[in-house]
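Got a minute to poke at a fold together? Have a look at the model below, and then we'll go through it by question and answer.

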Amino acid sequence: MKSWWLQRSVRLRLALWYAAATALVLIAFAWFVYEVIEHRLAAEIDRQLRIDFDLVEAQLSIDNEEHVQWNVRGSHGDEGFARMSAWFEVWSENKELLLRHWPVPEANIKDAPPAPHGSTLKFATVELERGLFVRMMERPGRVQGQSVIIRVFRDETEMRRSLREIVEVSLLGFPLAGALAAIGGYLVATRSLAPLDAMARQAHRITSESLSKRLPNLNPNDELGRLAAVFNETLTRLEASFAELQRFTSDASHELRSPLTALRAVGEVALRDDNDPAMLRETIGSMLEEAQRLTDLVDSLLTLARMDATKADAMRAEVNIAALLEEIRDQFEVLAAEKKQTFGVTSDHNVVVQTDRTLLRLALVNLVHNAIQHSPSSSKVTLAAARRPGGVDISVSDSGHGIAPEYHEKIFEPFFRVDKARSRSGGGGVGLGLAIAKRAIERNGGRIIVESDLDRGSVFRIELASSNQLASSPATT
Ligand code: ADP
């Protein structure tokens, strides 16, 4: 049943729900109406019975032989009384039947009601024969000073017929109303869900080649409109990611091709000419250089790919920042010394951060490498860590040629270099260093900000969020 239900269309399910709800409301309403009418009809019969009682009691007498007599006084008597055709019984106080007056032959009555039990006012419904229900009122009365119990009766057939008709009409009406509600519900649902159909058709047409297409949005204020808007926003993001991926792939291919072309060219020249061993040695040297460039590029690409593939929080642990900075100083001291640069490290003590050490180190290595590379000889490169309210800042400062403000965003894009020619000839990378650093820090829940201007040096600041900071003690430098 459940699977049958789930296989139906939404509009059919809505229509059925609607029909069921309508039927329920109708049944509740009909039941209420039935109860009210039944109550009112019963009350009316009881009222009539009280009138009947008074009329009967007034027209009873006792004859000379001590028999109770009923004297109909004139045909102009009460109309209700005439209609009921005087249906009553008179009982003595010691439960003896004194007079019975029924409009039907007594032989027809199969189940005459038993003698009265007590002598109080009592109403009851009795079935005299199959299907013949009468309402009975029993009450003590007086006939010429003698105490008796009088019972008056009224036929309930009319009342019961009216009630049965209500039930019959309802039983006929419910399926009809339910069917009409279902049809109406189906039409309304079809109309309301039409935009969803249009959206589904359009979504079907969207492929990776046509990500610029958007879903139709007829009314941005309703639920379907909001769904279309959210879907369209997702498409916009997807389109941007796709474009970035395509750019990345074509840049990567281009970067891979350059060293490969150089390798081939150098190899072909070496093969063509009669080279002496010294020339061959030089050729192999430059081929190895290109091979190293290729290896570096592939390593960087792998680093980026691995970063995207691993879970962000997987490797977080407590990291002592001062110790990490010392480690990086040890790694770059020689390189800085080669360029006659001073490499300074300052850090607050006991700055411990909950972070992925490998990723943070990777980012810092790239930043320090850039700082040394883009600064002139005899300048100073500084690596500093400081606490701030709500987090820790780690900055890499140099006094190099700086970066124009219009490139501050772009330098973090993969393969972007401010001066491609200079970067390559000057031993620079392929433009992946900052992209790797940015992604590494973002995966640590932080961010990188650059403050720089042309010929004013640069400061790259890593801001790690406060939730990453575990312990801190008063600042010392
Ligand atoms: P690369 O591998 O070329 O160093 P990066 O992604 O690390 O690539 O850097 C991108 C570009 O940003 C570099 O080509 C360079 O132009 C610029 N850049 C990065 N760091 C600095 C810096 N400290 N000073 C000046 N320019 C920088």
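What follows is a short Q&A on this predicted model.

Q: What radius of gyration does the protein have, next to that of a compact globule of 477 residues?
A: Start with the rule of thumb: a compact globule of 477 residues would come out near 23 Å. The C-alpha trace here spans about 165 × 60 × 35 Å along its principal axes. The radius of gyration of the protein is 51 Å.

Q: What share of the residues counts as buried?
A: The cut-off for buried is under 20% relative accessible area. The protein exposes about 28500 Å², with carbon and sulfur atoms supplying 57% of that area. Of the 477 residues, the buried share is 35%.

Q: Which strands stand at the edges of the sheet with the order β4-β3-β7-β6-β5?
A: This one is an open sheet of 5 strands, and its pairing is antiparallel. An edge strand here has a single partner strand, so one side of it is left without a neighbour in the sheet. That description fits β4 (97-101) and β5 (122-129).

Q: In β6, which residue is the bridge partner of Thr125?
A: β5 and β6 (residues 132-143) run antiparallel, and 7 bridges join them. Look across from Thr125 into β6, and the bridge partner is Arg135.

Q: At what angle to β7 does helix α2 run?
A: Helix α2 covers residues 10-58 and lies across β3 (88-92), β5, β6 and β7 (146-155). Within the sheet itself, neighbouring strands are turned by 25° against each other on average, direction ignored. Relative to β7, helix α2 runs at about 140°.

Q: What is the average twist from one strand to the next in the sheet ordered β9-β11-β12-β14-β13?
A: This is another open sheet of 5 strands, with mixed pairing. Its edge strands are β9 (342-347) and β13 (447-452), each of which pairs on one side only. From one strand to the next, the twist averages 15°.

Q: Which residue in β14 is the bridge partner of Val450?
A: β13 and β14 (residues 458-465) run antiparallel and are joined by 6 bridges. For Val450, the partner in β14 is Phe460.

Q: What angle does the direction of helix α8 make with that of β12?
A: Two helices are worth a look here. Helix α7 (residues 321-338) lies across β9, β11 (380-388) and β12 (391-398), running at about 180° to β9. Helix α8 (residues 357-373) packs on the sheet as well, touching β9, β11, β12 and β14. Its direction makes an angle with that of β12 of about 25°.

Q: Is the ring pair of Trp4 and Trp5 stacked, edge-to-face or tilted?
A: Planes under 30 degrees apart would count as stacked and those over 60 as edge-to-face. Trp4 is partly exposed at 39% relative accessibility, and Trp5 is partly exposed at 22%. The ring centres of Trp4 and Trp5 are 6.5 Å apart and the planes sit at 35°, so the pair is tilted.

Q: How far apart are the ring centres of Tyr407 and Phe416?
A: Both rings belong to partly exposed residues: Tyr407 has a relative accessible area of 27%, and Phe416 comes in at 21%. Their planes are at 40°, so this pair is tilted. The centres of the two rings are apart by 5.7 Å.

Q: Which residues do ring pairs link into a cluster?
A: The structure holds 9 aromatic pairs. Ring pairs link three residues into a cluster: Trp4, Trp5 and Trp17.

Note on methods
Residues are numbered from 1 along each chain as its sequence is written. This is a predicted model: local features need pLDDT of at least 70, side-chain atom pairs count only at pLDDT 80 or more; totals for chains, interfaces and linings use all residues. Side-chain values use heavy atoms; hydrogens and water are left out. Two strands pair if DSSP finds at least two bridges between them. Helices (H or I, at least four residues) and strands (E, at least two) are DSSP runs, numbered from the N terminus. Axes are lines fitted to C-alpha atoms, for helices over the stretch in contact, and angles run from 0 to 180 degrees between N-to-C directions. Contact means heavy atoms within 4.5 Å. The radius of gyration is taken over C-alpha atoms; the globule rule is 2.2 Å times the number of residues to the power 0.38. Buried means under 20% relative accessible area, exposed over 50%, partly exposed in between (1.4 Å probe, protein chains only). Accessible areas come from the Shrake-Rupley method with a 1.4 Å probe; for residues, only the protein chains shown count as cover. Rings of Phe, Tyr and Trp (its six-membered ring) pair if their centres lie within 6.5 Å; planes under 30 degrees apart count as stacked, over 60 as edge-to-face and the rest as tilted.
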